[in-house]
Amino acid sequence: MPSGWRAFTQTLRGLEADGIVARYDHHSADPRVDYSLTAAGIDLLTTVHELCGWSRTHLDSLLAAHPTADPR
């Protein structure tokens, strides 16, 4: 398994252990596994979307509070 897939699999297992995603194994001859968000995962997604909206609303004032460094 390529290292990228290994990292992806480890991430999914961690999210499953944390109760963010649910794993469904179809137990078929052709290996197939599906993942879906749990109620906690949906709540987290909603929270992240709200945070993104907040940051878009306040981005100009956040950038103004931290002027960029001297470009020298």
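This passage walks through the fold, the side-chain contacts and the surface of a predicted model.

Starting with the overall layout, the protein has two helices and two strands, and reading along the sequence gives the pattern α-β-β-α. The radius of gyration comes out at 19 Å, well over the 11 Å that the globule rule gives for 72 residues, so the protein is more spread out than a compact globule. The box tells its own part of the story: along the principal axes, the C-alpha atoms fill roughly 60 × 35 × 20 Å. As for burial, 6% of the 72 residues count as buried.

Helix α1 covers residues 3-17, and its geometry can be checked with simple arithmetic. With 15 residues at 1.5 Å a residue, the helix should span 21 Å, and the C-alpha atoms at its ends are indeed 21 Å apart, so expectation and model agree. After α1 comes Gly19, which has a positive phi, near 80°.

Helix α1 also hosts the aromatic contact. The structure holds one aromatic pair, and it is made by Trp5 and Phe8, with ring centres 5.8 Å apart and ring planes at 80°. Planes over 60 degrees apart count as edge-to-face, so that is the label for Trp5 and Phe8. In sequence terms, the two partners sit three residues apart in α1, which puts about one helical turn between them. An α-helix has 3.6 residues a turn, so residues three or four places apart point the same way. Phe8 is partly exposed, at 44% relative accessibility.

Next come the strands and the loop that links them. Strand β1 takes in residues 21-25 and β2 residues 33-37, with Asp30 placed in the loop between them. Asp30 has a relative accessibility of 60% and therefore counts as exposed, the cut-off being over 50%. Ala40 is ten residues away from Asp30 along the chain, and the C-alpha atoms of the two are separated by 30 Å.

On the electrostatic side, the count comes to one salt bridge. Its partners are Arg32 and Asp34, whose closest N and O atoms are 3.2 Å apart; the rule asks for a distance within 4 Å. Both ends of this bridge are partly exposed: Arg32 has a relative accessible area of 46%, and the value for Asp34 is 30%.

Helix α2 runs over residues 39-65 and includes Leu45. Leu45 is partly exposed, at 42% relative accessibility, and it joins Leu37 and Ile42 in a nonpolar patch on the surface. Together, the three residues of this patch offer about 260 Å² of accessible area. Leu37 belongs to strand β2, given the range 33-37, while Leu45 belongs to the helix.

Trp54 is another residue of α2, and this side chain too is partly exposed, with a relative accessibility of 44%. How far apart are Trp54 and Ala29 in space, C-alpha to C-alpha? The distance is 47 Å, for a separation of 25 residues in sequence. That span can be set beside the box of roughly 60 × 35 × 20 Å filled by the C-alpha atoms, and beside the 30 Å between Asp30 and Ala40.

Note on methods
Residues are numbered from 1 along each chain as its sequence is written. This is a predicted model: local features need pLDDT of at least 70, side-chain atom pairs count only at pLDDT 80 or more; totals for chains, interfaces and linings use all residues. Side-chain values use heavy atoms; hydrogens and water are left out. Helices (H or I, at least four residues) and strands (E, at least two) are DSSP runs, numbered from the N terminus. The expected span of a helix is 1.5 Å times one less than its number of residues. A salt bridge is a side-chain nitrogen of Lys or Arg within 4 Å of a carboxyl oxygen of Asp or Glu. Buried means under 20% relative accessible area, exposed over 50%, partly exposed in between (1.4 Å probe, protein chains only). Rings of Phe, Tyr and Trp (its six-membered ring) pair if their centres lie within 6.5 Å; planes under 30 degrees apart count as stacked, over 60 as edge-to-face and the rest as tilted. Patches are made of residues with over 30% relative accessible area and no salt bridge: like charges are joined within 9 Å, nonpolar side chains (Val, Leu, Ile, Met, Phe, Trp, Tyr) within 5 Å. Accessible areas come from the Shrake-Rupley method with a 1.4 Å probe; for residues, only the protein chains shown count as cover. The radius of gyration is taken over C-alpha atoms; the globule rule is 2.2 Å times the number of residues to the power 0.38.
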